[in-house]
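Please look through the sequence and the structure shown here before you start the exercises. Each exercise sets a task, and a worked solution follows it.

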Amino acid sequence: MAAARCWRLVLRGPGLSLHTAAGAAVTAPEVTGPDVAAAPVARYPPLVASLTADSKAARQRRVERWQATVHAAKSVDEKLRILTKMQFMKYVVYPQTFALNADRWYQSFTKTVFLSGLPPPPPPAKPDTEPAPALDVAALRAAACDCLLQEHFFLRRKKRVPLYLEREAIASPFLDQLVASLTGLLSARNPALAAAALDCKRPVHFYWLRGEEIIPRGHRKGRVDALRYQINDKPHNQIRISKQLPEFVPLDYSVPVEVPVMNCKPDKLPLFKRQYENTIFIGTKTADPHCYGHTQFHLLPDKLKRERLLKQNCANQIEVVFRANAIASLFAWTGAQAMYQGFWSEADVTRPFVSQGVITDGKYFSFFCYQLNTLALTAQADQNNPRKNICWGTQKVTVTWNRCLS
Amino acid sequence: MALASGSARLALARPGRLGLGSCGAPRRGAYEWGVRSTRKPEPPPPDRVYEIPGLEPITYAGKMHFMPGLARPVFPPWDPGWTPPKFRRLPPLHEHPLYKDQACYVFHQRCRLLEGVKQALWLTKTKLIEGLPEKVLSLADDPRNHIENQDECVLNVIFHARLWHSTEDIPKRETYCPVIVDSLIQLCKSRSQASFSGQTDLCPNNTLSTTWNRGSTLIQVHGSSGAQLNAKDPLPPIASREEVEATKNHVLETFYPISPTVGLQECNVYDVNDDTGFREGYPYPYPHTLYLLESANLRPHRFQPDQLRAKMILFAFGNALAQARLLYGNDTKVLEQPVVVQSVGTDGRVFQFLVLQLNTTDLASDEGVKNLVWLDSDQLLYAHFWCLPVVRRKAVVEPVGPTGFQPETFRKFLALYLHGAV
C-alpha cells in the first residue's frame, strides 16, 4: 500500500516530500536491475517528522498526508467529499448584497481583477470555414418586445399586482420568457446553444479557502487558521453546455491592474460566520454531460433597487451592486465547474474556465464575462502564483418601452 | 373568498360553539368582542347635568383641559372615513355587486369530479375516442420530425430531473415534475428540425373564465390551469365534416343517480363574461397546448389519473369555448371551423395526452352535433427511477437510472408540440 502510493506520487511531478523520495529510492532496486550502482541504496529508514507530535513539522506532514488523499481520490465525487467533509466556521458570502463597496471586497476574496468593457473579440474565423448566418437583429428585438409586452400588458391578471410584488410577479416571468425565446432564436447560429440545458432557479454553491487569520479567542486562540468562504447563490436562469467556452485571453495573461487588498478582516464588510454543510454545486451533479457553463441571468431583489439606493444617498453604489453580484456569482460558478473537472487549490487549472453573466433589475441590464485562471487561493498555494482571475463588465443598458414600440 | 357560498364557509368553521373549540382556542365571540383582559374600560357615565332638559351644560371643551366644576364634554362619535385593510369585513354575499339568484357551478383547478371522464364528457357534450388521431400519430412516427439522438436526450432529461438537478440524494416530486416538463418543452423547442417560431410559452398566471348552459344548469370553468402554449395560427380541425355529422347519433352517457354537478363548486357570486386571460392584440391569440402538472409530494394531494383527465378535458374545453366565442360571437351554433385545443397532463412519470375539437357551442340540449375528444391515457415515460443503486449481497442488482423507458411517449409529446406547425 505504501509502496503503491509512493510510486503514484513519484509519477505526479515536482513537490515531493522527503518521505516519498526516500521511499522511491528504497523501492527502486526492485525494478531497475542493471542500474543498481546508479541509484544509491538507502541504508536507514527515511527521517521524517512525527505524525502526532505537537509541532509545526508534524502539522505540515499531516496536511500533506491529507492532500495526498485528495490527489489519490479515484473520482471527482470522492475528491469533493474529502475537500468538503470537515465543517468549520466560514464566512457566508452573499452575491446580492447591500454592503458598501462590496465589489472591491469580493475582488480581494476571489483574487479577481475587474476590467470595464467587454473582453477582446476572438480572432476572425478561418476563411475556408463557411461564414455564420447573419444575425437577425429585428427578429431578436421583436421577440424581446413580445416578452415585455406579454408580461407588462397583454396578460390579464386577477388583481393588480402591488408595487412590492411587481418584481417577482412581472420581471421574473419576463426574464424566463426572454431567456427561453432568445435561446431558441439563436440556436440556429450557435449549435452549442441548441444542445444546451436551461435551468430555472437552480442553486449554485461554492466553498473555498483564502488567506489566514490569527484565531482571536477560544481554545485555539493565537493559532493561525485559514479563512473559509461559502457562496450559496440562486441564479434566475442559467445555460449549461457540454463543451467548454473558448478562452478570452491566455491562461497566464498578466493584467496590469492590481487586485485590491483590504486591510481589515472580512467581518467589517459586514460578513458573518456560520458553520453548515460545505457544498460545491454548479446546478447539476457531476454525472451530467452538460458540465460547463455558458451564461447566468440574475434578477436583483427589491432591496437593492435603484430608487431605494438613491433615497439612501448611495448613487455610486448602483454599479457596485451589479459588479459585486457578477464577481461573486460567476466566480462561484466557474470555480465549481473547475472543481467538477478535478482541479482544486493544490492542483490548479490547466485551462481557463470561462462564463458569462447578465444581471438585471427588470429594466437595466449589465453584461459581464468572467475568466477563471487560478483556483490556488489558499495561503500555501498562493505564495508564487502570478495568475489572477479576470472579470469584464459593462455599464447598465436600458430596455425601455420607447425602444420596443419603435 | 367572494366566491365561497354560505354553506362552504360554515363547513370550514370551527365545530362547536360552546366552550373551547376543537383546537383549544377561545370561542368565536371572544375574538369578536375581545378577551376580558384586553377589553378597554368602559367610559364614565355622563354628568347628571345632561339629564336636565332645556339646559346647556358648560363644559371644559373650549379650555382643552380638565377643570373641576365644569361638566365633562360629550363629543359626537368620530368617523375616520376609511377602515384599514386589516379590519375590513366583506359585505354579506347578498350585497355583492356580482350576486345572482341562479347558482353557478364552477370548475376550478382543484375540483375532483366524482365520475371523472364520464362526467366531464357529459358536462361538455363530448364524444370520447380512445387513442390520439392518426394525423398526430403520423407526426410522431415520421422520422423527419425526430430530434437527433432523441432517446439519449430524453434519458438525459429524465436523469437531470429525477437525480441531477438538486443537491439532495432523492429529489422530491414538487421539484422534479416542473423540471421534467420544462426540459421536455425546451428539448422540443430547441432541437426540432421543423423551424417555426409561431409559438410562445406562458407562465401559469393566466386566468381563464368561460360560462355555458347545460340544460338548466349554468357551468363555469374558472382559474389557471398551468403552463399554456399559444400559437399565431389556429390548429387545423382533425375530424372531417362527415365524422362531425355522425356524432349526432351518439348518446351521452348519464350516471343517474349521481348529479352531473357533483364535485363542482356551487356559488351565487360569479361573472358571466368570458375571459381568455389575454387582452386584444396579443400576437399569439390561439391556445395550442395546456400542460397540467400534478406535482404534490403526497399521493392523497395529487389527482387520480381519471380526475386529471377530467380536469384536462374541462380546461381544454374552456379555452376552446372562450376562443370560439371570441372569433364567432356569443350565439349558440354549430361551428363551421371547429376549434382544436390540446392538453398534456402528467405527474412526472405518467403522461395523459388529449386533443379536443369543439364543433358546437349549442350545449343546452343533449341532441345535435357533439364535440370530439381523442384521449391517450396512462402513457408511462419510464416505469421507475432508481436514485441509488440497489445492491444485494455486494452485487449491483439495479443500476442508477430509469427502468422501463418508453421512447414512444416522448414521440407523442413531440408530435403534440409540432402539430399545427408541420
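**Exercise 1.** Where is the place of B:Lys125 in chain B? Find also the partners of its side chain.

Solution. Before starting, note that this is a predicted model, in which local features need pLDDT of at least 70 and side-chain atom pairs count only at pLDDT 80 or more, while totals for chains, interfaces and linings use all residues. Residues are numbered from 1 along each chain as its sequence is written, chains are lettered from A and ligands numbered from 1 in the order in which they are written, and side-chain values use heavy atoms, with hydrogens and water left out.

Step 1: B:Lys125 sits in the loop between α3 (117-124) and β2 (126-130) of chain B, where helices (H or I, at least four residues) and strands (E, at least two) are DSSP runs, numbered from the N terminus.

Step 2: B:Lys125 is buried and has no salt bridge, the nearest side chain of opposite charge being that of B:Asp362, 4.7 Å away. Buried means under 20% relative accessible area, exposed over 50%, and partly exposed in between (1.4 Å probe, protein chains only). A salt bridge needs a side-chain nitrogen of Lys or Arg within 4 Å of a carboxyl oxygen of Asp or Glu. As for charge, Lys and Arg count as positive and Asp and Glu as negative, while His and the chain ends are not counted.

Step 3: The side chain of B:Lys125 reaches the backbone oxygen of B:Asp362 at 2.7 Å, and the backbone oxygen of B:Ser365 lies 3.2 Å from a polar atom of that side chain.

**Exercise 2.** Which helices hold A:Arg323 and A:Asp103, the two residues of one salt bridge?

Solution. Step 1: A search of the whole structure finds 28 salt bridges over all chains, and in one of them the closest N and O atoms of A:Arg323 and A:Asp103 are 2.8 Å apart.

Step 2: A:Arg323 lies in helix α10 of chain A and A:Asp103 in helix α5 (residues 102-110), so the pair ties together parts that are 220 residues apart in sequence.

Step 3: Both A:Arg323 and A:Asp103 are buried.

**Exercise 3.** Are A:Asp252 and A:Arg387 buried or exposed?

Solution. Step 1: The side chains of A:Asp252 and A:Arg387 meet in a salt bridge (3.2 Å, N to O).

Step 2: A:Asp252 counts as exposed because its relative accessible area is 57%, whereas A:Arg387 counts as buried because its value is 17%.

**Exercise 4.** Which residues touch the most other members of the largest nonpolar core?

Solution. Step 1: A nonpolar core is a set of buried Ala, Val, Leu, Ile, Met, Phe, Trp, Tyr and Cys residues joined through side-chain atoms within 4.5 Å.

Step 2: In the largest core, which has 75 residues, A:Tyr106, A:Phe206 and A:Trp208 touch the most other members. Helix α10 (residues 317-340) of chain A gives the most to this core, with 15 residues.

Step 3: A second, separate core has 46 residues, among them B:Leu163 and B:Phe413.

**Exercise 5.** How many disulfides does a search of the whole structure find?

Solution. Step 1: The search finds zero disulfides over all chains, a disulfide being a pair of cysteine sulfur atoms within 2.5 Å.

Step 2: For B:Cys153, the nearest cysteine sulfur, that of B:Cys188, is 11 Å away.

Step 3: B:Cys153 counts as buried because its relative accessible area is 11%.

How values were computed. A polar contact is a pair of N or O atoms within 3.5 Å; within protein, one must be able to donate a hydrogen and the other to accept it, and residues adjacent in sequence count only if both atoms are side-chain atoms.
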